[in-house]
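Colleague: I have a chain open on my screen and would like to talk it through with you. Could you take me through it, starting wherever you think best?

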Amino acid sequence: MNPLAAYLPMDFDWLHAVAVGLIFGLWGLYTPILKRLGRGSLNEQLHVVRLRWLQMHQDIDREHRVFDAILLGHISNSVSYFGSGTLLVLAGLVGALANVNNVFLLTRGLKFVDKTMSLELFTLYFGLLTLIMVLCFFAFTYALRKMAYTFAMLGGLQAAPAETEQSRIMGEQSAVVLTEAVRSINNGIRGFYYAIAALFLFAGPYAAISATVAITALLFYRQLFSPTAVAIARYVDALRGSSPK
């Protein structure tokens, strides 16, 4: 007997494991899968735009630099908003988890909730939903730290054009840190989508699997085929000097 099975609810079978694994698997492997399907995420494509922006940033006066810092400040405020909102949701989930018996009884009257689910399985799903929000909170806080690093690197860029090797490296690495900050932001926001998929666990494994696949398909559509994705791809092609398809 698997030692792990002793800690799992009795009604947690392989189908439930597939539903849970699919949520965390597609969330974690989202970016690698996206690279296999197309040109990578929009964030990765926009890295070349950020690189050019920061290289041009080294050849502008202080007034324009302040304007750029204000733009980045708005992004930081948005991340702080998501982080604060996630913390509120997390506090509510932890409070509900502390009273999971009452919550379990209250949900028995909901038609879309699986009535055959045991209290132990219900608690496990509630814990997994809380875990997703914890990971989202970590992603947003890490994004804020990366933005703080970006501000410091932005302030250290030379005023001269990025013609020397030193200036080129400084501009490139500043763009890398900014892209990584946006990656953390996107990962946190994406976690909200998969938290919605996790809510369908309470309706049963089939509902959760269907919701996870549908949400992933929606995210892939937005990254590959939406008007925004097409416009960004053509923009990047033009920036790189290649002819748009």
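**A walk through the model**

Modeller: Let me start with one residue, Gln 45, which is found in helix α3; please keep in mind that we are looking at a predicted model.

Colleague: Is Gln 45 buried or exposed?

Modeller: Gln 45 counts as buried, because its relative accessibility is 7% and the cut-off for buried is under 20%.

Colleague: And which residues is Gln 45 in contact with, leaving aside its neighbours within four places in sequence?

Modeller: With those neighbours set aside, Gln 45 is in contact with Arg 39 and Gly 40, and also with Ile 232, Ala 233 and Val 236.

Colleague: Let me step back for a moment. How many helices and strands does the protein chain have?

Modeller: The protein chain has 10 helices and zero strands, so that reading along the sequence gives the pattern α-α-α-α-α-α-α-α-α-α.

Colleague: What share of the residues is buried, and what about the accessible surface?

Modeller: Of the 245 residues in the protein chain, 39% are buried, while the accessible surface comes to about 13,800 Å², with 68% of that area belonging to carbon and sulfur atoms.

Colleague: What about contacts between residues at least 6 apart in sequence?

Modeller: Among those contacts in the protein chain, 78% join residues at least 24 apart. A separate pair to look at is Leu 87 and Val 134, which are 47 residues apart in sequence and have their C-alpha atoms 8.3 Å apart in space. Leu 87 lies in helix α5 and counts as partly exposed, at 45% relative accessibility.

Colleague: Changing topic, how many salt bridges do you count?

Modeller: The count comes to four salt bridges. In one of them Arg 183 is paired with Glu 44, and the closest N and O atoms are 3.6 Å apart. Because Arg 183 lies in helix α8 and Glu 44 in helix α3, this pair ties together parts that are 139 residues apart in sequence.

Colleague: Which salt bridge does Glu 180 form with Lys 146, I mean at what N to O distance?

Modeller: The side chains of Glu 180 and Lys 146 meet at 3.9 Å, N to O. Glu 180 lies in helix α8 and Lys 146 in helix α7 (residues 119-155), so here the parts tied together are 34 residues apart in sequence.

Colleague: How accessible are Glu 180 and Lys 146?

Modeller: Glu 180 counts as partly exposed at 28% relative accessibility, whereas Lys 146 counts as buried at 10%. Arg 183 is partly exposed as well, with a relative accessible area of 29%.

Colleague: What is the distance between the closest N and O atoms of Glu 180 and Arg 183?

Modeller: Those atoms are 3.1 Å apart, in a salt bridge between Glu 180 and Arg 183. The two residues are three residues apart in helix α8, which means that about one helical turn separates them. Salt bridges that share partners join Lys 35, Glu 44, Lys 146, Glu 180 and Arg 183 into one network.

Colleague: Now the pockets. How much space lies in the largest pocket, and which residues are closest to its centre?

Modeller: The largest pocket holds about 350 Å³ of space, and of the 16 residues that line this pocket, the closest to its centre are Tyr 30, Asn 186, Arg 190, Leu 219 and Gln 223. The lining divides into six nonpolar, six polar and four charged residues.

Colleague: Which helix gives the most to that lining?

Modeller: Helix α8 gives the most, with six residues. Helices α2 (30-37), α3 (42-45), α8 (165-199) and α9 (205-224) each supply at least two residues of the lining of the largest pocket.

Colleague: And the second largest pocket, how much space lies there, and what lines it?

Modeller: About 290 Å³ of space lies in the second largest pocket, and its lining residues include Trp 53, Arg 50, Leu 71, Ile 75, Val 182 and Asn 186. By type, the residues of this lining divide into eight nonpolar, one polar and one charged, and helices α4 (47-57), α5 (62-98) and α8 each supply at least two of them.

Methods: Residues are numbered from 1 along each chain as its sequence is written. This is a predicted model: local features need pLDDT of at least 70, side-chain atom pairs count only at pLDDT 80 or more; totals for chains, interfaces and linings use all residues. Side-chain values use heavy atoms; hydrogens and water are left out. Helices (H or I, at least four residues) and strands (E, at least two) are DSSP runs, numbered from the N terminus. Buried means under 20% relative accessible area, exposed over 50%, partly exposed in between (1.4 Å probe, protein chains only). Contact means heavy atoms within 4.5 Å. Accessible areas come from the Shrake-Rupley method with a 1.4 Å probe; for residues, only the protein chains shown count as cover. On a 1 Å grid over the protein atoms alone, a cavity is a set of points where a 1.4 Å probe fits but cannot get out, and a pocket is an open set with protein on both sides within 12 Å along at least five of seven lines; lining residues have an atom within 4 Å of a point. Grid points are joined across faces, edges and corners, and a volume is the space filled by probe spheres set on the points. Ala, Val, Leu, Ile, Met, Phe, Trp, Tyr, Cys and Pro count as nonpolar, Asp, Glu, Lys and Arg as charged, and the others, Gly among them, as polar.
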